[in-house]
Amino acid sequence: MISVRRLAVSGLLLGLLGLLPGPSAQEVDSPRLLVVLVVDQMRFDYIEQTRARWTRGLKRLVTKGAVFERNYYPYLQTVTCAGHATIGTGTFPATHGILLNAWWRGTRSASCTDDGDVWSIAYGPGAEAVGHSARELQVPTLADRLRARSPSSQVVTLSLKPRSAIMLAGKGGIVTWLDDRNVWATSTAYSETPHPAVQAFVDAHPRSAARSEVWDRLLPPEAYTGRDIGIGEAPPRGWTPSFPHPLAGAPGTPDAQFDTLWETSPYADAYLGSMAASLVQALKLGQGKAVDYLGVSFSALDYVGHAFGPASHEVQDTLVRLDRTVGDLLNALDTHVGRDRYVLGLSADHGVAPVPEARQAAGRSGGRLVTQQLLQVANEALVKTLGPGQHVVRAEYTQIYLSAAAQLKAAQDPELLRPVVAALARVPGVGRVLLSAGLETQRQSKDSVVRAAALSHVPGRSGQIVVIPREYFTVGAATARGTTHGTLHAYDQHVPLVFFGQGVKAGRYRQRATPADLAPTLAATIGLPMPGADGVAHTTVFRRP
Ligand SMILES: [Zn+2]
């Protein structure tokens with residue numbers, strides 16, 4: 001066994017001498033494949049709640065892997081695009097620029113992956129109107145650095161969501177997602193044509209084959225904690241709050257609803273896992289001269305969690321079944337790459353809040369902040385000084401955006417926003433209200449709330465006012481049901497960080513960590529420098545001679 005440090009030094013020297021790619025005698029023993037698994041919306045406490053019911057892949061990861069118990073996002077806006085960009089790059093939103101899933105662009109909100117200069121490439125007829133890419137990402141990903149070091153490195157990422165697949169990959173690779181028509185797709189940012197290996201899998205495995213399936217609990221009902229029908233559950237159309245859940249919906253459910261029901265079920269994760277295993281085999285990932293990269297983001301838990309809440313039988317069963325899906329994927333990696341020839345990091349993009357109505361029914365604090373109401377309150381406060389008009393134009397999660405004219409006036413008169421801050425602070429469920437101006441200098445603030453807002457702050461992209469919800473208050477539209485995430489509270493920030501594979505010492509690790517540590521830690525195993533990373537490499541998890 002060669003030490004990580006020696007590998008790092010030799011890799012760096014060889015790189016400087018221009019001798020890479022091509023494995024040296026020492027590098028033969030370094031990992032051939034880096035694997036990043038993201039479980040969308042997986043809270044850290046799910047490990048403790050579900051591990052007794054795991055028998056396969058997730059059990060292997062938490063028993064044979066290095067589990068970081070104190071892994072928290074340190075920033076405010078714990079949402080999917082920000083989390084995947086953090087995991088993909090080893091930096092925080094203030095550095096990588098992806099503060100939200102969508103942000104205000106002056107005249108409209110656009111998603112983090114919208115790119116008017118690229119076209120959608122579908123693995124089926126037609127195409128989505130909008131192309132997606134990592135254009136808004138301000139720093140390279142681990143996968144980008146891998147390809148820059150060795151152009152023959154293969155990068156493969158896949159997810160149900162474009163933002164998840166794209167932010168794990170960066171600017172290149174075989175990057176696959178479901179488009180807004182629920183057809184597998186990529187874009188001209190990655191390829192001018194459908195990739196044959198992906199096309200072959202999609203053609204051989206039509207998703208509609210699952211239409212006759214019925215999702216029921218894998219284990220006997222008594223193996224699940226709590227009740228199947230929880231307070232505030234908001235199942236998608238076609239389902240009731242209780243099992244079983246037919247993927248075609250109850251009789252009379254429109255055919256088009258199948259896609260939503262499929263996504264909100266463990267069948268979607270199983271499909272993605274088998275697509276990943278198929279691509280490992282077809283593309284011979286980890287079997288070439290250069291180090292390859294595989295990123296898989298499992299989305300079903302997020303859809304299930306939003307609808308049914310973290311305490312539901314549905315969330316528990318999604319994790320019981322994900323254990324099997326990950327087990328099958330690990331078996332494929334063992335078979336085709338080799339048991340000790342890959343290193344894997346697992347994390348989540350964010351956690352999730354308890355369902356507010358369930359908290360209230362139990363006599364506890366909790367509720368919903370409505371973005372439209374925040375917008376109105378802020379605007380009314382500005383109307384008093386600026387006169388009638390729409391001075392506040394948008395609320396995206398915790399970010400409040402002023403009109404261009406109001407921004408200009410606020411820049412000239414720092415007192416202008418004082419009554420707005422006061423009015424927002426009086427809204428029940430609002431904890432604190434901050435102004436964005438100057439947050440870029442507060443990333444080291446001793447005030448943890450200011451620091452969290454600063455790490456989510458991207459000048460030119462953030463709103464002008466930041467609303468910090470109180471604990472157990474969600475932020476969303478007036479029509480929102482179920483639950484969500486996106487705050488600095490522990491249920492949103494505390495997520496798993498697990499390393500597994502070649503040279504990893506099993507155990508529970510108590511040192512503080514963030515998901516930005518995942519990429520630098522994987523990079524260290526192959527001596528790949530990550531300059532400018534906000535995260536650190538946890539080399540203590542690797543065996544030394
Ligand atoms: Zn979500």
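**Close-up views of the zinc site and two pockets**

**View 1. The zinc ion has an irregular arrangement of donors in this predicted model.** The 4 donor atoms around the zinc ion subtend angles of 53 to 162 degrees, and the arrangement is therefore irregular. Asp302 contributes two OD entries to the protein donors, which are completed by NE2 of His306 and NE2 of His485, at 2.1 to 2.6 Å from the ion. The sequence spacing of the donor residues is D-x3-H-x178-H.

**View 2. Asp302 and His485 link distant parts of the chain.** Asp302 belongs to helix H11 (residues 300–308), whereas His485 lies in the loop between strand S18 (473–476) and H18; the two are 183 residues apart. Asp302 counts as buried because its relative accessibility is 4%, under the 20% limit. His485 is likewise buried, with a relative accessibility of 4%.

**View 3. The largest pocket encloses about 550 Å³ of space.** Its lining comprises 26 residues, of which Pro310, Ala311, Ser312, Pro354 and Ala358 are the closest to the centre. At least two lining residues come from each of helix H2 (45–50), helix H13 (356–361) and helix H18 (490–493). By class, the lining of this pocket has 13 nonpolar, 7 polar and 6 charged residues.

**View 4. The second largest pocket has a volume of about 450 Å³.** Gln407, Ser436, Ala437, Gly463 and Gln464 are the closest to its centre among the 22 residues of the lining. Helix H15 (residues 404–412) provides the largest share of this lining, with 3 residues. The lining of the second largest pocket divides into 10 nonpolar, 9 polar and 3 charged residues.

Conventions
Residues are numbered from 1 along each chain as its sequence is written. This is a predicted model: local features need pLDDT of at least 70, side-chain atom pairs count only at pLDDT 80 or more; totals for chains, interfaces and linings use all residues. Side-chain values use heavy atoms; hydrogens and water are left out. On a 1 Å grid over the protein atoms alone, a cavity is a set of points where a 1.4 Å probe fits but cannot get out, and a pocket is an open set with protein on both sides within 12 Å along at least five of seven lines; lining residues have an atom within 4 Å of a point. Grid points are joined across faces, edges and corners, and a volume is the space filled by probe spheres set on the points. Helices (H or I, at least four residues) and strands (E, at least two) are DSSP runs, numbered from the N terminus. Ala, Val, Leu, Ile, Met, Phe, Trp, Tyr, Cys and Pro count as nonpolar, Asp, Glu, Lys and Arg as charged, and the others, Gly among them, as polar. Donors are N, O and S atoms within 2.8 Å of the metal (3.2 Å for Na, K and Ca); water is not among the atoms, so sites may look incomplete. Four donors count as tetrahedral if all angles lie between 85 and 135 degrees; four count as square planar and six as octahedral if opposite donors are over 155 degrees apart and all others between 65 and 115; anything else is irregular. Buried means under 20% relative accessible area, exposed over 50%, partly exposed in between (1.4 Å probe, protein chains only).
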